[in-house]
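Trainee: Can we walk through this one together? I'd like to start with a helix.
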Amino acid sequence: MSDILQEYKDYYNVRAKRYEGDPDYPKSYEAEKALADAMNSCSELSEFKDKLGNLNELSAVARILDTSLMEQKHFNELKEYVRELGPKRILEKCQGQQGVTEAITTVQEESNKNSVEISMDEIQREFGDWFIFESYEVSSRAIVPSAYQQEHKNDAEAAKKELLKRYEALEADMQPWEDGWRMNPDINYEDRHFRLLPYPKESIDNRRAQAKDWTGR
Amino acid sequence: MALDAMMADGMLGTYRNMLKEVEEKGLNSGEDYETMKATLQRMEDLAEEADPDMMVGVNWFNGKVMNENLYGTFGDAYGRVLNSAAGGNEARDTDDYDDGALLKQVLDGLRGSIDAIRKGKQDALEEDKKSVTASYQVGKEYLNRNAKQLGFDTSKKYYDDFNKEIDKSAEEVKQDELENPEHYSNAKEIEVMFMEEQFIAPIEALIKLGEEEGMTLPKFLRLQIERGMDKAAEGSFATREGLVIDIKNYNASLPNARECEMRAEFLELWDSMVPDAPFGVPDSLKFSLARRKIEHRFAPSIAEWKAKWSRFETLIDTLDRWVRAHTKYAMGMDPWCPFIPMGGPREKAIAYSKACDNGNFKVREELIGEYWDLDFKDIFNHETFIWEVNSHSFSYSQVYTEFLINEVYPICIPLQDPPKEIIEKCEKFYEDKLMSNPEWYKMTIRFKECYDEQFGEGRYEEKGMEWFDGPHDHQKNTPVWDLKSFQSGVLQQS
């Protein structure tokens, strides 16, 4: 006949062992160990009901804290400071939470909020659209016959207006998500964007100046 | 004002069904149920309030829903309703402990998940059997409800003509569907991509473990952890499978060297994590974060590759377009024909290219000089160009490219026309059909082989997808690319 109590002790010990010595899951280990200790302290299975309390919920919350810390450290290391905001807030809000349902709600809310922040951040890459600036360069600098010079001047002006229109459209699109949101071309100098601009700084500075001149942002 | 019914149904249908589900299960009472109801009603109210313009309305709706966390609140309440029904977080009264009943409950849950997997595939197959032409009718109804918002003038003849075109296309597709049903069927793809048996096998293994003589619930739970069976049942095998398929797809399309290298590193990463992983299954979050680090490392070089090739391709196309515009065949040539309407518009576009593309070319060449200290000829030693030629993606033939570099480029001067002999040479290339790369068809073979490997020999052709086992007849005399001779011969001369 099986010894159910011993089998439960073995089970909870294995659960804790999963995280033993894993530097990425310290809280999960502590929480699982607490569960295992509670079970190991029972001399009859019926004692576990009272000793369990909310230890299982705390274990789930611990897991959320460990994974959020892993993500937060990861994004911080990569200087992805906008992506870091989600796990950072989850960590702050879930510390001390006692119930898994509350913690899951926090994770959902903050993940949704962060995905909006990431979208608002990344649509500004390349100052909205590097190719609009190049259209302007071609139209304003190309040596063309006099019959086409006015058309090229018009195209150059149209490129400027197109950038402004693009900025205004993006701002309008973002209002339902964040009231008062405005394009901020300066963020292109932040590492997460700057490293993805395969152009010399002089060219990047030139685009920034043009964006300011054409859009006022 | 309201979102179009098709949009609202698409976005809210799942939540309506979830509410109906709990009601049908008799779980329609309590605070969590009321939260579900109220949250869905709020979503319905927002859909009513939204601008009927598809772009504006949907964006506004999604913004509101996200800001109020309505999807999250609804899902959360739904989970709590189901959890309460299952007797979720309350500790079992161990005085009434019935190990057999509890173990059976767990195994029944696993059997239920197998049923859900099988049902999911059957539902997908049933959905796939529906006629494609039904979607034309849905699209036409959407168009007619929202014509004004989409910029159509319903009083004009062109609107009637457009509706007739839809009907005509629907009829053609209907006919084709009858004659070639496999063109529209995705049954074989669904069978493969669902990986039904691979997902079910580890679950069945768990059930078999649970049914062993003398098994108890705690022993079952312990053994599945110790043997990694819980991870297997989560479908961890699919991660590696997905990485392998991704590599094959990228090796078929060959967009650029960096993306192919990156995907190979993803697989190496997974395989390197297996030996040290508890029970041989890498932690999914640790793998995901390590994979992101690889992506992060590659991102700048991928951005650089794409930025460079985009400019190089535009430069080559601009030079080509400028000289073509001067030929007697321009009106029937790409890029003007068939995309620009015949007559005035096409003539105007060609006249513009003749007069201005030399000036435009020079500015674009200056830009790659400003960005990367390169000029036009540097393109042809660059790894992006070599990649395009080796992957048979480069659209021009070697002989025509040599013509562009050696003879057209030197005389591409703003405000000057090319000499008559250059124009005549270009015309001869066109007449002899020597402009295009004769080996481009090899791309179609790569796609076909990749597709057939995944979905079965002959499947690519069965689906009606076009591929070629050799160049078009008119290209059979065009010499194939020989990069060595090109770079050691032509480029040295130019």
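Mentor: Sure. In helix 3 of chain B, the buried residues are Gly57(B), Val58(B), Asn59(B), Phe61(B), Gly63(B) and Val65(B). Buried means under 20% relative accessible area with a 1.4 Å probe, protein chains only. Helices are DSSP runs of H or I, at least four residues, numbered from the N terminus.

Trainee: Is this model predicted, and how is it numbered?
Mentor: It is a predicted model; local features need pLDDT of at least 70, side-chain atom pairs count only at 80 or more, and totals for chains, interfaces and linings use all residues. Residues count from 1 along each chain, as its sequence is written, chains are lettered from A and ligands numbered from 1 in the order written, and side-chain values use heavy atoms, without hydrogens or water.

Trainee: What do the buried residues of helix 3 of chain B pack against?
Mentor: They pack against helix 8 (146-174) of chain A, plus helix 1 (5-24), helix 2 (31-49) and helix 4 (70-85) of chain B. Contact means heavy atoms within 4.5 Å.

Trainee: What comes just after helix 3 of chain B?
Mentor: Asn69(B), with a positive phi of about 50°.

Trainee: New topic. How many residues are in the largest nonpolar core?
Mentor: It has 70 residues. Such a core is a set of buried Ala, Val, Leu, Ile, Met, Phe, Trp, Tyr and Cys residues joined through side-chain atoms within 4.5 Å. Ile316(B) and Leu319(B) are among those with the most contacts inside it.

Trainee: Which helix gives the largest share of this core?
Mentor: Helix 15 (residues 344-372) of chain B, with ten residues.

Trainee: And what does Leu319(B) touch?
Mentor: Its partners include Phe361(B), Phe376(B) and Cys412(B), not counting residues up to four places away in sequence.

Methods:
Buried means under 20% relative accessible area, exposed over 50%, partly exposed in between (1.4 Å probe, protein chains only). Helices (H or I, at least four residues) and strands (E, at least two) are DSSP runs, numbered from the N terminus.
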